[in-house]
Amino acid sequence: MQTACTLVALAAFLCATPVAAQSFQQEISLTGLGDPLNSAKPFGISYEPVSDRIYVAIAGDFAGSNNAVAIIDPATDTVVGSIPTGYYPEDIAFHYDQSGALAYGAVTNSTSGSVTIWDHTNTVVATVPLPDPFAFGTCYPFGILAHDGDFLISTADGSGDVHAIDIATLSYDPTAGFNTLFRSNGRLIAVGSEIWVPTSEFTPNWDGAKGGLFRHDRAGVTASNSWYAERMENYSGYPGGQDIVRLSDGRGYLSGLDFQGRLYRVDAAGNLDRGIDLGGVDGFGIALEPNNEELLAVCGFVSNELLLVDLVNDELLSNTSLGSLGFNMPNDAVFAHNKLYVTAQGSESVVVLNNLPTVSPNHSHQGELAISDTTPELGDAITVELVGYAGQRVAIFTGSAPLPGVYTGLDLEVGPAPVKHSNGMGSLSLNISIPTTPSLVNRHIFLQGYTTDGTHHFTTEPKVLVIQ
């Protein structure tokens with residue numbers, strides 16, 4: 001069955017849901033580490049499994065940069081050493097040799113505009129300066145990733161540069177990096193030969209930005225591609241992609257500031273797939289629980305909150321107010337030893353939480369809803385396909401947010417007031433023409449399908465598209 005329609009404006013709506021806090025275990029103090037004249041406020045945090053150690057970047061603050069990486073033993077939750085670095089160290093990565101042994105660790109030094117590299121004994125072996133194209137004094141290196149013989153380093157100076165350091169020579173390689181087209185870059189990950197970079201692209205007059213994901217194929221098989229999840233102008237906000245993780249089944253999750261209190265899910269190819277409500281909290285650093293990949297920790301840097309997202313059901317599970325515990329500006333997190341470690345950038349501490357929850361499926365989604373392009377441009381034509389049970393009723397609903405909503409007794413996840421756009425039998429193909437109306441840019445459309453086997457009623461997984 002074919003049905004043609006034009007998308008209409010859908011009002012945005014956000015709703016904060018109260019959830020239970022997790023158990024606070026203890027604080028690991030970082031006071032006194034690094035430069036004793038400056039604060040020991042932390043930034044990035046990483047777990048290194050070969051040595052069974054946690055590494056924490058001691059950045060300091062804008063009143064005085066610090067210059068150390070702390071080493072924590074998660075078995076005892078004590079600081080067991082430190083590494084000298086450049087000023088304002090931010091993010092940490094590790095490189096392993098062909099046998100799987102730890103070869104190097106590295107940290108980006110934002111104020112110094114360099115990368116400090118140490119060996120498996122935690123001895124510094126190189127400090128590599130990076131280009132400063134705008135003569136700011138630094139390119140503000142941020143995220144770091146070991147990939148295919150290089151350390152790749154994202155930058156936040158707006159140049160869009162992703163620099164490369166040759167691990168074999170521990171020297172800067174001007175030919176191995178790439179550019180995200182003058183964006184400010186976040187923490188990056190590798191997906192095969194592709195590098196996925198959360199980004200922020202500022203408006204020409206600096207009164208706003210659009211934040212999303214940039215994908216670059218280092219093998220050159222496909223061209224670079226990008227899309228944005230949120231856009232704001234006229235000084236209403238500065239959306240910026242900050243962090244991304246990817247599960248073994250291909251799903252990815254993108255966090256960002258000024259993201260309307262949402263987390264965005266991407267498919268295995270890096271395409272926008274779903275929006276998840278975070279109760280009004282914007283995410284900064286995120287961390288995936290590695291054992292069963294059922295929990296995602298989200299650092300609410302601005303709101304001083306730590307969220308846990310249930311990845312079995314793709315919904316907010318819990319919210320811990322770190323501010324009420326005396327810890328501010330949660331920046332980054334890592335799971336280790338069945339505990340969660342969070343850097344509190346506004347404090348001189350790593351916060352440790354335990355008694356982490358377990359989750360189980362609570363949605364019985366059935367049927368398949370597919371969108372031909374989830375990031376269409378104005379004027380594009382897209383198709384929404386719904387497949388249900390042969391000979392049984394199906395319908396497509398849209399809504400304004402990834403929130404609960406009810407349509408004549410049917411519980412949906414595209415609330416708060418779902419609208420039925422079309423119905424059919426067995427399957428449905430909905431052709432949608434995106435109008436050329438400029439005000440539709442950044443419009444989020446949340447979609448969900450209804451199916452039945454004749455006795456029971458089901459919904460599909462909800463999806464989202466964002467008009468570019």
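This section describes the pockets and the cavity of the structure, which is a predicted model.

The largest pocket encloses about 1000 Å³ of space, and of the 32 residues that line this pocket, Ser46, Ile189, Ile244, Val245 and Val334 are the closest to its centre. Strands contribute to this lining along the chain, with at least two residues supplied by each of β3 (42-48), β7 (89-96), β11 (141-147), β17 (189-191), β21 (240-246), β25 (286-288) and β29 (330-336). The largest share comes from β7, which provides six residues of the lining. When the lining of the largest pocket is divided by class, 22 residues are nonpolar, four are polar and six are charged.

The second largest pocket has a volume of about 740 Å³, and the residues closest to its centre, out of the 33 that line it, are Phe43, Phe62, Glu90, Ala156 and Phe284. At least two residues of the lining of this second pocket come from each of β4 (53-61), β11, β16 (184-185), β18 (194-202) and β21. The lining of the second largest pocket consists of 15 nonpolar, 14 polar and four charged residues.

Apart from the pockets, the structure holds one cavity of 30 Å³ or more, and the volume of the largest cavity is about 30 Å³. The lining of the largest cavity is formed by Arg274, Gly275, Pro402, Glu413, Val414, Phe446, Pro462 and Lys463, a set that by class comprises four nonpolar, one polar and three charged residues.

Technical notes. Residues are numbered from 1 along each chain as its sequence is written. This is a predicted model: local features need pLDDT of at least 70, side-chain atom pairs count only at pLDDT 80 or more; totals for chains, interfaces and linings use all residues. Side-chain values use heavy atoms; hydrogens and water are left out. On a 1 Å grid over the protein atoms alone, a cavity is a set of points where a 1.4 Å probe fits but cannot get out, and a pocket is an open set with protein on both sides within 12 Å along at least five of seven lines; lining residues have an atom within 4 Å of a point. Grid points are joined across faces, edges and corners, and a volume is the space filled by probe spheres set on the points. Helices (H or I, at least four residues) and strands (E, at least two) are DSSP runs, numbered from the N terminus. Ala, Val, Leu, Ile, Met, Phe, Trp, Tyr, Cys and Pro count as nonpolar, Asp, Glu, Lys and Arg as charged, and the others, Gly among them, as polar.
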